[in-house]
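Visitor: I would like a close look at a single part of this model, the largest nonpolar core. Which residues touch the most other members there?

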Amino acid sequence: MNQVILVTGASRGIGKSIAESLAKEGNTVIGTSRSNFKYNNNNLISMKLDITVRDDIDKFFLKLKEENLLPNVLINNAGITSDKLFMRMTNDDWDNVLSTNLTGVFNITKACIKNMIRNRNGRIINISSILLSTISEMYFNILSLTLDIIYIFFSSNSDFESISSNIVS
């Protein structure tokens, strides 16, 4: 079955590889990034999006709805790091990392899950570096718990098929 898949942080690296691989399988893949980028595949749609800006996400999802491209799979891959010693990390560095890696995941997941609940089906996959998961294990536990609660609550409804969440590090 052809899925509509949203991959954040998909302009390069792991995100780009995931998007290209899923598109080769016949899925429609929407890749996002803070920067402008283009794909060379008809099943891949590149869109500029800053997941830290809620108004941009709202506009993004309105556009997807207009084009009948609301995703039933979300792959949260966007993330940044500040490769500095803790003592040298500025408040802005800290805020930027948390804004993208935590708040951004919340923002895009909240926007995506509405359609998944409406359709009674969806998948959410969260990807992060092993370093981040080692340092911020609590972040992943909280995120996983939140998504699992959503899954348990809605899967107990007999009319609901599935929403699942996974974390990959």
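Guide: What follows describes that core, with the chain as background. This is a predicted model, in which local features need pLDDT of at least 70 and side-chain atom pairs count only at pLDDT 80 or more, while totals for chains, interfaces and linings use all residues. Residues are numbered from 1 along each chain as its sequence is written, and side-chain values use heavy atoms, with hydrogens and water left out.

The chain has five helices and six strands (DSSP runs, numbered from the N terminus: helices are H or I with at least four residues, strands E with at least two). Their order along the sequence is β-α-β-β-α-β-α-β-α-α-β. Of the 169 residues, 40% are buried (under 20% relative accessible area, with a 1.4 Å probe and protein chains only).

The largest nonpolar core (a set of buried Ala, Val, Leu, Ile, Met, Phe, Trp, Tyr and Cys residues joined through side-chain atoms within 4.5 Å) has 19 residues, and L6, I30, F60, F61 and I108 touch the most other members. At least two residues each come from β1 (4–7), α2 (54–66) and α3. The most come from α3, which gives five.

Leaving aside neighbours within four places in sequence, L6 is in contact (heavy atoms within 4.5 Å) with I30, T32, F60, F61, P71, V73, L74, I75, I108 and C112. Another core, of 14 residues, lies apart from the one described; A23, F37, V73 and I75 are among its members.

Helix α3 (residues 91–119) also holds N107. N107 counts as buried because its relative accessibility is 5%. Beyond its neighbours within four places in sequence, N107 contacts I51, T52, R54 and I57.

How values were computed
Buried < 20%, exposed > 50% of the residue type's maximum accessible area, 1.4 Å probe, protein only.
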